[in-house]
Amino acid sequence: YAHSSGFYAGAWGSNIDFDTPENDVDASMELDIYAGFSSEFGETGIGYDIGVLRYMYPGEESLDWNEVYGSLSYSFFSFGIAHSGDVYGSGEKGTYYSLGFDYELPYGLALSAGYGYYDYDDEVFEDNHQDYRIGIAKDFAGFTLDVTYYDMDSDGEDAYGDLAEDRVVFSISKSL
């Protein structure tokens, strides 16, 4: 839901598989609900977005956690910070810093690139880690088609195992 005032709320879901030899996690789904407010500072062209996000794992509620986030954007660039005092239900702190670049290309294509840095308490993961992405999207018949390449540094791959291996993801989405 998005209101002309800038208020928005929504949900996102996906199948997951966290079960590895290192842990015994039975969650098969992640369901996120979020709400926030997004607008612009007057006529400056500087946008902002603030909100809260709840990560839920049906069947493994001990992993559920909350996050607050904020971001600023100008022209093609964005910078964001997301913070939780209970990452993965651990009771430990984690902060995610992100940089983004979004650019409209000819033929209705949109280029998107990003970099993120995870700063966790040592009890969450031994090492902090980074992620990267670059992708192309196009609106078609009311849907958004997107193909994006994702990767993490070796510390991220150590923390998340096969989940952090580089990959190309194709998605089809629809905003209501």
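Which residue in β10 is the bridge partner of Val 147? The partner is Phe 170, and the path to this pair leads across the whole sheet. The model is predicted, so local features need pLDDT of at least 70 and side-chain atom pairs count only at pLDDT 80 or more, while totals for chains, interfaces and linings use all residues. Residues are numbered from 1 along each chain as its sequence is written, and side-chain values use heavy atoms, with hydrogens and water left out.

The overall arrangement comes first. Ten strands form an open sheet in the order β1-β2-β3-β4-β5-β6-β7-β8-β9-β10, with antiparallel pairing. At the edges lie β1 (7-15) and β10 (167-173), each of which pairs on one side only. From one strand to the next, the twist averages 20°. Strands here are DSSP runs (E, at least two residues), numbered from the N terminus, and two strands pair if DSSP finds at least two bridges between them. The twist rests on axes, which are lines fitted to C-alpha atoms, and angles run from 0 to 180 degrees between N-to-C directions.

The walk begins at the edge strand β1. Nine bridges connect β1 with β2 in the antiparallel sense, and within this pairing Gly 13 has Leu 31 in β2 as its bridge partner. Strand β2 (residues 29-40) in turn pairs with β3 (residues 46-56), again antiparallel, over ten bridges. One of the opposed pairs is Tyr 34 and Leu 53 in β3. The two strands form a hairpin with five residues between them, and in the turn Gly 42 has a positive phi of about 55°. On the next step, β3 is joined by ten bridges to the antiparallel strand β4 (residues 65-74), where Tyr 74 stands opposite Ile 46.

The region of β3 and β4 also holds a charged contact. A search of the whole structure finds one salt bridge, a term that denotes a side-chain nitrogen of Lys or Arg within 4 Å of a carboxyl oxygen of Asp or Glu. Asp 64 forms this salt bridge with Arg 54, and the closest N and O atoms are 3.8 Å apart. Asp 64 lies in the loop between β3 and β4 and Arg 54 in strand β3, ten residues apart. Their surroundings can be described by relative accessible area: buried means under 20%, exposed over 50%, and partly exposed in between, with a 1.4 Å probe and protein chains only. Asp 64 counts as buried because its relative accessibility is 10%, whereas Arg 54 is partly exposed, with a relative accessible area of 27%. In strand β4 itself is Gly 70, which is partly exposed at a relative accessible area of 24%.

Attention now turns to the interior. In soluble globular proteins, nonpolar side chains tend to be buried together. A nonpolar core is a set of buried Ala, Val, Leu, Ile, Met, Phe, Trp, Tyr and Cys residues joined through side-chain atoms within 4.5 Å. The largest such core has 18 residues, of which Tyr 57, Tyr 120 and Tyr 160 touch the most other members. Strands β3, β4 and β7 (109-120) each supply at least two residues of this core.

The last strands of the sheet complete the route. His 129 is found in strand β8 and counts as buried because its relative accessibility is 0%. Although His 129 and Asp 155 are 26 residues apart along the chain, their C-alpha atoms are separated by 5.3 Å. Ten bridges join β8 to β9 in antiparallel fashion, with Gly 135 opposite Thr 148 in β9. These strands form a hairpin with two residues between them, and Ala 141 in the turn has a positive phi of about 55°. Seven bridges then join β9 to β10, which also run antiparallel.

On the surface, Ile 134, Ile 136, Phe 143, Val 147, Tyr 149, Val 168, Phe 170 and Ile 172 form a nonpolar patch with about 730 Å² of accessible area together. Patches consist of residues with over 30% relative accessible area and no salt bridge; like charges are joined within 9 Å, and nonpolar side chains (Val, Leu, Ile, Met, Phe, Trp, Tyr) within 5 Å. Accessible areas come from the Shrake-Rupley method with a 1.4 Å probe, and for residues only the protein chains shown count as cover. Strands β8 (129-140), β9 (143-152) and β10 each supply at least two residues of the patch. Val 147, in strand β9, is partly exposed at a relative accessible area of 37%.

Methods: Helix = DSSP H or I, 4+ residues; strand = E, 2+ residues; numbered from the N terminus.
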